[in-house]
Amino acid sequence: MPVYRASPERHDSRVNLTTLPPPAPLSGRATRAARVWRRLRWWIPGAIVVLLLGATSFLLTLSESQERAEAGNELVTDTLWVRESLKFQLEREAEALELIAADVAAGTLSRATLEARLQVFLRRGRESLVVALVRPGMPVSVNVPHDAAIGHMDPLGAVPSAAIEAAMARAARSGDAVFSAPFAAPWGAGIVLVAPVKGSEPAHLVAVYWLERLLDEMVPWTFAQSHEVTISDVTNTVHARRASGGRGRGVYSHQASLEIPGTTLLLGTNSVKGPPDWITNVIRGGTVALAILLFWSLYALWRDVQRRVAAERRLREEVAFRRAMGDSAVIGLRARDLDGRVTFVNPAFCRMVGIAEEGLVGHGPPMPYWIPELLNEYQRRVDEVLSGQASTAPFETEFRRANGERFPVVIYDAPLRDADARQTGWMSSILDVTEEKQAEERERLQHERLQTAARLSTMGEMASSLAHELNQPLGAIASYLAGSLNLIERGGASAEELAPALAKASQQAQRAGQVIRRVHEFVRKREPQRTLLDPAQLMDNCRALVELQARRTGTRVSVEIEPGTPAVVGDLVMLEQVILNLTRNGIEAMSEVDPGRRVLVISAGPGEGGGACIGVRDHGTGIPDEVAERLFSPFFTTKADGMGMGLSICRSIVEAHGGRLVFERMDLGTRFRMQFPAP
Amino acid sequence: MIYVVDDEEPIRDALAWLLRSRDLACRAFASGEEFLAHLDAGGIDPDSPAAVLLDVRMGGISGTELFERLRAEARIPAWPVVFLTGHGDVPMAVEALKQGAFDFVEKPFNDNSLVDRLVAALDESRRRLEEARESARREERLAALTHREREVLHLIVEGLYNKVIADRLGIAMRTVEVYRARIFEKMGVKSAVELARLLGKREE
């Protein structure tokens, strides 16, 4: 038997057919490079993110410092502007007071005029608290009622005299109006303007300024809102402060020296604005958040890829596992799609039918391994399976190998489903049951031989012992009689001489008679056990045995029981034997005819006289005339190994049941008919 | 004398009756063991002419077994054995014939033909006994020859002339003639031909 062997290359190519790439057969170096690359692959995006973060931070820092510089420049400009306006104001004060002092020195002013002029001088600005003409001995002063808060005080009186005197001394020296250094008074910080009155007697015009109010008056509101403005002396002691917009942050600050006649003050500005943090923070935070998000998504991607790789490996292993399972199975496996087209076969199936995989996959019905006579049966099964009506029960049939050899198979079908549980086809396991069938056949043959042997040996033994039993008395009788005859022939034999021998011969004759009687009794004990038998029951009992007989020659057995068949009174075992004998004869009669014609029909129906009629019909060669005449005679047989007792005994048994056994010649074959009496 | 060995009493009795009706002496045994015991006890003279009728199928040792034993021990070489066989024992009986049984008779037997066969067996027995006696006599006479006489005898039987014999043995022809005469006398023969026949029988 040519055994088809699947080549391993073919299997590999089939692996490639799946969506999976084949396991990469890499050299050592390539493997190492691939491993390094695999590791690096995940670090490169990380490095890019870090670089991006660094660049963003750098740009932010750069823009922040630029912004800082711009804000600083603006502050300096504003500060200088404030200083200039302060300086201009204070210098104008000094000039105005000098004019009055010159008028006083000229002596053209009356006291009232002087006072009026001083009033006018005071009223020009709210920062000047008091102005007075100081002469040694009699001070004249004009108190200004500007400010209610210090109205009851004498601002001049609260000014430290050291400050005034130092200023007077400097004024006297320069001859121009000078300012004193700042000082602290109970009402606040102030400075004094001293204008010398040139004349014979030393006199001075003294004006007291309140520095806080100076700032209030002179610094623009908008600027003050965003800056803390301070006036300090050269020792950096702060004397006045305007911080209507809050304290300065010390981020943007500037100090400019305010040089006025007689003294130098320091004008300090300090922006309440902090550094431009929040934008930076937002951008930086956003960048970091984005980076984290990027990292996280990278990690998620990595994890997902890892899972996918693991899943792929598992899938590959699973596929390899399934393939190994399919390849190693001794059971043939075959998958078909819903059109009945073969989509998969395993090597065992290829070996079984002797056709290469290429010759099977993609092939639709009719299959190359089908047997032409059974096409209808296959097609019916295919239709049943594909329409989903087929049960999961195994299906027994025959297939044909490529060399034409037929072999029996058992097929189990199971639906094949895809991932969505939708049916895509059918998976079948095909079992080559040749050996089982052969074993079954062998067993059946052996069983049959054993039975025959047992039957023959029983009959032979019985016949042999019967012969022996009868031989003894018959031999003895013959000897006695022959001896007696010898004596008589020789003459002179007296009756007395002969009598004992004849008596003994008679005894032996009686003994032979007893043997015969025993046999008769033995046979009588086997008389039928009569019971009421249902013909259907009788058929059922026989059926398995008949099918066993029929299987060897591939004969089909059909059992037909007409409704209303009467019961039979008889011995179940004996009638079974009759039926089996007739079926065996029928099957043997068909052993020579075309296999398609081998149909044995066992029928039961109502017969003549209200009794049952059981028929066994073959489609064999029929009974020749010369055989028909002697068919029921004992010891008549047409079989090489037959005893010639079968039909004779059958007829005896049927007749013992009060029935008749007859046969009819049909167009094809013979029909034996058992007619039983009504029960 | 006919020895019947059969385990069936009626058969034994009937056969005895039959044989007696033909003037044949008969002795019956119920089993092979009984027969052997009798033989051992010396109740039977093996040198008188007799035949044995053996039933093949018997209780105890069977007919064929008994036959094998007798043949192996050469207890009764002069007695032919006739088997009585039942239906189906024929192959066994044929085998026994090959082993040297005289005959077999199938049951049920034709009685007088059975007796005829037994008579033939008795004749055979007598012939065997006669032969045995003759052979014994011959051996006796041969034993009486001297060594030299025996040498001469062999040459005579070969058919050589006295002169040739004398040359072969390196003796005088006259001496050969003396030996020849003495040998003829001792062997009880009158001619060389007779002597050759006697010795020829021995060799058979």
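Biologist: Which side chain does E127(A) join in a polar contact?

Modeller: The partner is Q89(A), and the polar contact between the two side chains is 3.4 Å. Keep in mind that this is a predicted model.

Biologist: Where in chain A is the place of E127(A)?

Modeller: E127(A) sits in a loop of chain A, after helix 3 (111–123) and before strand 1 (128–134).

Biologist: Is E127(A) buried or exposed there?

Modeller: Its relative accessible area is 2%, so E127(A) counts as buried, the cut-off being under 20%.

Biologist: And what is E127(A) in contact with, leaving aside its neighbours within four places in sequence?

Modeller: Q89(A) appears again, along with E93(A). The rest of the list is V208(A), Y209(A), W210(A), R213(A), L214(A) and E217(A).

Biologist: Switching to the two chains. How many residues does the contact take from chain A and from chain B?

Modeller: Chain A gives 22 residues and chain B gives 19 residues.

Biologist: What area is buried between chain A and chain B?

Modeller: About 1,700 Å², with 52% of that from carbon and sulfur atoms. On the chain A side, N471(A), Q472(A) and S479(A) supply 28% of the area that chain A buries against chain B, more than any other three residues.

Biologist: How many salt bridges are there across that interface?

Modeller: The rule finds 3 salt bridges between chain A and chain B. One of the salt bridges pairs R490(A) with D23(B), where the closest N and O atoms are 2.9 Å apart.

Biologist: And how many residue pairs are in polar contact between chain A and chain B?

Modeller: The count is 9 residue pairs, both residues being at pLDDT 80 or more. As for the side of chain A that touches chain B, helix 11 (434–490) and helix 12 (495–525) of chain A each supply at least two residues. Helix 11 of chain A has the largest share, 16 residues.

Biologist: What is that side of chain A by class?

Modeller: The side of chain A that touches chain B has 8 nonpolar, 10 polar and 4 charged residues.

Biologist: Last topic, the strands. How many bridges join strand 11 to strand 12 of chain A?

Modeller: There are 3 bridges between strand 11 (residues 332–337) and strand 12 (residues 342–345) of chain A, and the two run antiparallel. Within this pairing, R334(A) has V345(A) in strand 12 as its bridge partner.

Biologist: What do strand 11 and strand 12 of chain A form?

Modeller: They form a hairpin with 4 residues between the strands. In the turn, G340(A) has a positive phi of about 85°.

Key:
Residues numbered from 1 in each chain as written. Chains lettered and ligands numbered in written order. Predicted model: local features only at pLDDT ≥ 70, side-chain atom pairs only at ≥ 80, totals over all residues. Heavy atoms only, no water. Contact = heavy atoms within 4.5 Å. Buried area = accessible area lost by both parts, 1.4 Å probe. Salt bridge = Lys/Arg side-chain N within 4 Å of Asp/Glu carboxyl O. Polar contact = N/O pair within 3.5 Å; in protein donor to acceptor, adjacent residues only side chain to side chain. Nonpolar A, V, L, I, M, F, W, Y, C, P; charged D, E, K, R; others polar. Buried < 20%, exposed > 50% of the residue type's maximum accessible area, 1.4 Å probe, protein only. Pairing = 2+ DSSP bridges.
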